[in-house]
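Trainee: Hi, got a few minutes to go through the holes in this fold with me?
Mentor: Sure, bring it up and we'll start.

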Amino acid sequence: MAPSFKPLVFSGVQPTGNLHLGNYLGAIVKFVELQNSHDCIYCVVDLHAITVWQDPAELTKSIREVTAAFIACGIDPKKHIVFNQSQVHEHAELAWIFNCVARLGWLNRMTQFKEKAGKDRENVSVGLYAYPNLMAADIHAYRATHVPVGEDQKQHLELARDIAQKFNTDFGASIAAHGFGEAFFPLPEPLIQGPATRVMSLRDGAKKMSKSDASDYSRINLTDDADAIAQKVRKAKTDPEPLPSEEKGLEKRPEADNLVGIYAALHNKTKSDVLNEFGGGQFSTFKTALADLAVAKLGPIGAEMKRLVQDPAHIDAILRDGSRRASAIAAETMKAVKDIVGFVH
Ligand code: TYM
């Protein structure tokens, strides 16, 4: 019989640059929904951020900004846990153990590393390469069972499952001997659902919307004001055809597909619903409706974020409280892992 684990949601967001519509629709909206059905732990992953250079003052600001975004979007840090990774040392400790579980061949297959390292592989940090092991440690430190993420994190989640599986197998006898049954770590389930699991750049339907794109017109930031949002939607790349009436008509039309997906996700509808309403019409009409919808949804979030970051002491207190509660869980896990591995403590 497969061992059963208490359902627990874990996910993380990096404090680097501006949060955008992709982060919001691909991840944070799901974080908010899951609060109604699960215990949730949401982490500002600052240890991940420094795998590439971060200006220290900017990093501090970004950690507070992501926390503010979580709260402005509706995450309740009292009912659930919101914290920053570097305050819970077990993440780094467990990551080391996973460095010794994961195989070089597994990490060599990670497409995100290949993309980020590019041609300059000799010169990127060791942390950037080992990053997926730290991500596995984030999840497994809480023995989390469900992980809401965008499509781009799927491969990292598969690695987290492979690591759990190998740990459970390699240490099987010790796990049983210490009374943990057949498996110590659950195989976490990725939650990648809905019409906007991969939001694309507004300038190029073949590229992911990303914090690091040089063009600010490629993304809608959570802190953009109404004018900026409306202008970015108006300027978004499209093609000359009118919108199709059925989803099949979006094939090979990446820009149209992206905008319809964004509208659907913001409205909590399917792409089909959206095409029922706008199919056959011109892009200009659809773009006006999309801009209005985006302003209505994101405007209040941006305003609340700006208000919250005015009071850094309040945000820091939330993170300290969350870290304290996260530590209590992670310390239990780490204690068990030390027993299982055979460390004296
Ligand atoms: P990060 O900070 O790059 O992104 C945060 C979340 O936003 C999602 N996302 C997108 N979704 C749809 N369309 C897009 N264009 C888009 N861009 C980003 C990401 O999939 C992610 O869910 N490694 C992770 C953070 C992390 C983590 C974890 C996640 C660290 N430890 C443990 C889950 C569990 C990252 O860099 O996400």
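Trainee: Which residues line the largest cavity?
Mentor: Its lining is made of Q112, F113, K116, L128, Y131, P132 and H156. Keep in mind as we go that this is a predicted model.

Trainee: Noted! What volume does the largest cavity have?
Mentor: The volume of the largest cavity is about 60 Å³.

Trainee: And which elements supply at least two residues of its lining?
Mentor: Two helices do that for the largest cavity: α6, which runs over 111-117, and α7. α7 itself spans 126-140.

Trainee: How do the residues of that lining divide by class?
Mentor: For the largest cavity, the split is four nonpolar, two polar and one charged.

Trainee: How many cavities of 30 Å³ or more are there?
Mentor: The count is three. The second largest of them holds about 40 Å³ of space.

Trainee: What lines that second largest cavity?
Mentor: You'll find L21, L202, I220, V233, L259, I262, L290 and A294 around it. The elements giving two or more residues to this lining are α11 (254-267) and α13 (283-309).

Trainee: And what about the classes in the lining of the second largest cavity?
Mentor: There are eight nonpolar residues there, with no polar and no charged ones.

Trainee: Okay, switching to pockets. How much space lies in the largest pocket?
Mentor: About 1,200 Å³. The largest pocket has 45 lining residues, and those nearest its centre are Q112, K116, D152, Q153 and K208. You've met two of these names already, as Q112 and K116 also line the largest cavity.

Trainee: Nice link. Which element gives the largest share of that pocket's lining?
Mentor: That would be α7, with five residues. Elements that supply at least two residues to the lining of the largest pocket are β1, α1, α6, α7 and α8, the last of these covering 154-170.

Trainee: How does the lining of the largest pocket divide by class?
Mentor: Into 14 nonpolar, 21 polar and 10 charged residues.

Trainee: Now the ligand. Which pocket has its space taken by the ligand?
Mentor: The ligand takes up the space of the largest pocket.

Trainee: Which residues come nearest to the ligand?
Mentor: There are 28 residues around the ligand, and Q14, Y131, D138, D152 and V199 come nearest. D152 is also one of the residues nearest the centre of the largest pocket, and Y131 is part of the lining of the largest cavity.

Trainee: Where are the polar backbone atoms that its oxygen and nitrogen atoms approach?
Mentor: On the oxygen side, a ligand oxygen atom is 2.8 Å from a polar backbone atom of Q14. A ligand nitrogen atom is likewise 2.8 Å from a polar backbone atom of V199. There's also a ligand nitrogen atom 3.0 Å from a polar backbone atom of M209.

Trainee: How much of the ligand's exposed area does the protein bury?
Mentor: Taken alone, the ligand exposes 700 Å², and the protein buries 96% of that.

Trainee: Which elements supply at least two residues of the shell around the ligand?
Mentor: β1 (9-13), α1 (21-34) and α7 (126-140) each do. By class, the shell has 12 nonpolar, 11 polar and five charged residues.

Trainee: Last one: what's in the second largest pocket?
Mentor: About 370 Å³ of space. It is lined by 18 residues, and V29, K30, E33, A265 and N268 are the closest to its centre.

Trainee: Which element gives the most to that lining?
Mentor: α1 does, with six residues. Both α1 and α11 supply at least two residues to the lining of the second largest pocket, and that lining divides into 10 nonpolar, four polar and four charged.

Trainee: Great, thanks for the tour!

Conventions. Residues are numbered from 1 along each chain as its sequence is written. This is a predicted model: local features need pLDDT of at least 70, side-chain atom pairs count only at pLDDT 80 or more; totals for chains, interfaces and linings use all residues. Side-chain values use heavy atoms; hydrogens and water are left out. A residue is near a molecule or strand if one of its heavy atoms lies within 4 Å of it. A polar contact is a pair of N or O atoms within 3.5 Å; within protein, one must be able to donate a hydrogen and the other to accept it, and residues adjacent in sequence count only if both atoms are side-chain atoms. Accessible areas come from the Shrake-Rupley method with a 1.4 Å probe; for residues, only the protein chains shown count as cover. On a 1 Å grid over the protein atoms alone, a cavity is a set of points where a 1.4 Å probe fits but cannot get out, and a pocket is an open set with protein on both sides within 12 Å along at least five of seven lines; lining residues have an atom within 4 Å of a point. A molecule sits in a cavity or pocket if more than half of its atoms lie within 2 Å of its grid points. Helices (H or I, at least four residues) and strands (E, at least two) are DSSP runs, numbered from the N terminus. Ala, Val, Leu, Ile, Met, Phe, Trp, Tyr, Cys and Pro count as nonpolar, Asp, Glu, Lys and Arg as charged, and the others, Gly among them, as polar. Grid points are joined across faces, edges and corners, and a volume is the space filled by probe spheres set on the points.
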